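Good morning, and thank you for the time on today's agenda. Before I begin, please bring up the sequence and the structure on the screen.

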Amino acid sequence: MARRAGTTASKGKAARASRRGIAVARPGRGELVTLLDYVRYAVSRFVAAKLVFAHGTTDPVAEAAFLVCEALHLHPDQFEGFAAARVTAAEGKTILDLVERRIATRKPAAYLVNKIYMRGLAFYVDERVIVPRSFIGELLASHFSGEDASLIEDPEQIESVLDLCTGSGCLAVLASRHFPNARIDAVDISADALDVAARNVADHGLGDRIMLHRGDLFAPLSDKRYDLIISNPPYVDADGMASLPRECRAEPKLAFDGGADGLDIVRRILDEAASHLAPGGGLLCEIGRGREQLDAARPDLPLLWLDTEDSQGEVFWIGENDIAGGRS
């Protein structure tokens with residue numbers, strides 16, 4: 001009887017683990033050999049668990065490859081070269097542990113490894129900040145290079161940049177690379193977020209170029225003016241907040257909540273930006289899927305909507321003259 005009771009208890013434990021999304025039986029020894037084998041296995045587990053991907057990776061394949069590389073201390077760009085390499089038993093255990101933690105906790109993968117990549121650069125992240133996935137990083141490369149279709153003539157002439165709602169500080173760091181002569185102010189209302197940003201600024205050796213400020217949007221900046229303002233503010237509307245997937249609910253609510261229609265912070269930025277733009281400057285702002293609402297709310301503003309590889313009309317640009325005219 002004791003043996004049967006123990007077996008029953010084990011089955012009950014396994015059933016509870018299964019309901020939580022934890023794999024009850026791992027692959028047998030020798031069944032997974034190469035990096036690619038582990039990626040394929042992870043993809044199958046992620047799809048079966050119906051995970052959500054929107055935190056630096058956009059699909060289960062990219063997320064699986066990311067976690068495998070992190071477990072093996074490889075840059076994502078190195079995956080292809082090592083895809084057929086064999087994985088040791090200890091390394092395989094580390095990979096499988098990460099896969100099961102991702103499923104069981106539903107936390108973004110970036111929180112599990114405390115790292116995310118933007119435009120090839122590594123950044124530290126944890127639960128104090130939203131996982132960076134702004135389209136602005138791509139737009140800095142595609143529309144601010146000084147070449148054809150660029151919104152500025154020469155990136156070297158940009159001397160001052162403001163990053164509003166900086167979070168982890170990743171956009172401020174990317175801006176420092178695109179505008180080599182610029183000094184950058186980065187603002188966030190969250191002291192916790194600024195602690196993470198300070199780590200990233202230090203990790204990239206930019207303490208002499210990026211200054212962090214705690215405060216509500218432009219409040220800590222007095223009357224300073226900038227050649228360029230970039231912002232990825234909170235812009236999720238009430239309906240979106242109510243239906244956030246579990247992965248997003250692991251991130252700070254403050255970084256998402258944009259009010260009833262998602263535009264509370266965006267309106268304030270538009271109202272106040274003219275007072276902080278230098279002549280000829282401009283504002284680059286991400287607002288997610290709020291284009292229709294913003295166009296209806298501010299028809300006076302000639303917003304230029306920009307597309308990226310993975311987005312259409314989720315980021316706008318407006319020059320200093322146009323934003324000042326719209327406010328008058």
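What percentage of the 328 residues in the protein chain do buried residues make up? The figure is 51%. I should say at the outset that this is a predicted model, and every value I quote has been computed from it.

Let me set out the overall architecture. The protein chain comprises 14 helices and 9 strands. Taken along the principal axes, its C-alpha atoms fill a box of roughly 85 × 40 × 30 Å. Of the contacts with a separation of 6 or more, 68% are between residues 24 or more positions apart.

I turn next to the aromatic residues. The structure contains 5 aromatic pairs. One of them joins Phe144 and Phe179 in an edge-to-face arrangement, with 6.4 Å centre to centre and 90° between the planes. Phe144 sits in the loop between H7 and strand S3 (160-164), while Phe179 sits in the loop between helix H8 (170-178) and strand S4 (183-188), so this pair ties together parts that are 35 residues apart in sequence. Phe144 and Phe179 are both buried.

Phe144 has a further partner in Trp317: the ring centres are 5.4 Å apart and the planes stand at 70°, so this pair too is classed as edge-to-face. Trp317 belongs to strand S9 (residues 311-319) and Phe144 to the loop between H7 and S3, so here the parts tied together are 173 residues apart in sequence. Trp317 is buried, as is Phe144. Through these ring pairs, Phe144, Phe179 and Trp317 are linked into a cluster.

Strand S3 also holds Ser160, and I would like to pause on that residue. Is Ser160 buried or exposed? Its relative accessible area is 17%, and because the cut-off for buried is under 20%, Ser160 counts as buried. The side chain of Ser160 reaches the backbone nitrogen of Asp227 at 3.0 Å. Setting aside residues up to four places away in sequence, Ser160 touches Ala182, Arg183, Arg225, Tyr226, Asp227 and Leu228.

Now to the loops, beginning with Asp126. This residue is found between strand S2 (121-123) and helix H7 (136-143). Asp126 is buried, its relative accessible area being 8%. Which side chain does the side chain of Asp126 meet in a polar contact? The partner is Tyr124, at 2.9 Å. Beyond its neighbours within four places in sequence, Asp126 is in contact with Tyr111, Asn114 and Val196.

A second loop residue is His75, located between helix H3 (60-71) and helix H4 (79-82). With a relative accessibility of 23%, His75 counts as partly exposed. A polar atom of the His75 side chain lies 3.2 Å from the backbone oxygen of Gly120. Gly120 is also among the residues that His75 touches when those up to four places away in sequence are not counted, the others being Cys69 and Tyr117. As for Leu121, which is 46 residues from His75 along the chain, the two C-alpha atoms are separated by 9.6 Å.

Two residues deserve mention for their backbone geometry. Arg119, in the loop between strand S1 (116-118) and S2, has a positive phi of about 55° although it is not a glycine. Leu217, in the loop between strand S5 (210-214) and strand S6 (226-231), likewise is not a glycine and has a positive phi, of about 50°. Their surroundings can be set side by side: Arg119 counts as exposed, at 51% relative accessibility, whereas Leu217 is buried, at 6%.

Finally, I come to the second largest pocket. Rolling a probe the size of a water molecule over the atoms shows where empty space is left. The volume of the second largest pocket is about 310 Å³. Its lining consists of 15 residues, and those nearest its centre are Arg29, Gly30, Leu32, Tyr38 and Ala89. Which helix gives the most to that lining? Helix H5 (residues 89-105) does, with 4 residues. By character, the lining of the second largest pocket divides into 7 nonpolar, 4 polar and 4 charged residues.

To close, I would return to the cluster of Phe144, Phe179 and Trp317 linked by ring pairs, and to the contact between the Ser160 side chain and the backbone nitrogen of Asp227. Thank you; I welcome your comments.

Terms used
Residues numbered from 1 in each chain as written. Predicted model: local features only at pLDDT ≥ 70, side-chain atom pairs only at ≥ 80, totals over all residues. Heavy atoms only, no water. Helix = DSSP H or I, 4+ residues; strand = E, 2+ residues; numbered from the N terminus. Buried < 20%, exposed > 50% of the residue type's maximum accessible area, 1.4 Å probe, protein only. Polar contact = N/O pair within 3.5 Å; in protein donor to acceptor, adjacent residues only side chain to side chain. Contact = heavy atoms within 4.5 Å. 1 Å grid on protein atoms, 1.4 Å probe; cavity = no way out; pocket = protein on both sides within 12 Å on 5 of 7 lines; lining within 4 Å. Points joined across faces, edges and corners; volume = space filled by probe spheres on them. Nonpolar A, V, L, I, M, F, W, Y, C, P; charged D, E, K, R; others polar. Phe/Tyr/Trp six-rings, centres within 6.5 Å; stacked < 30°, edge-to-face > 60°.
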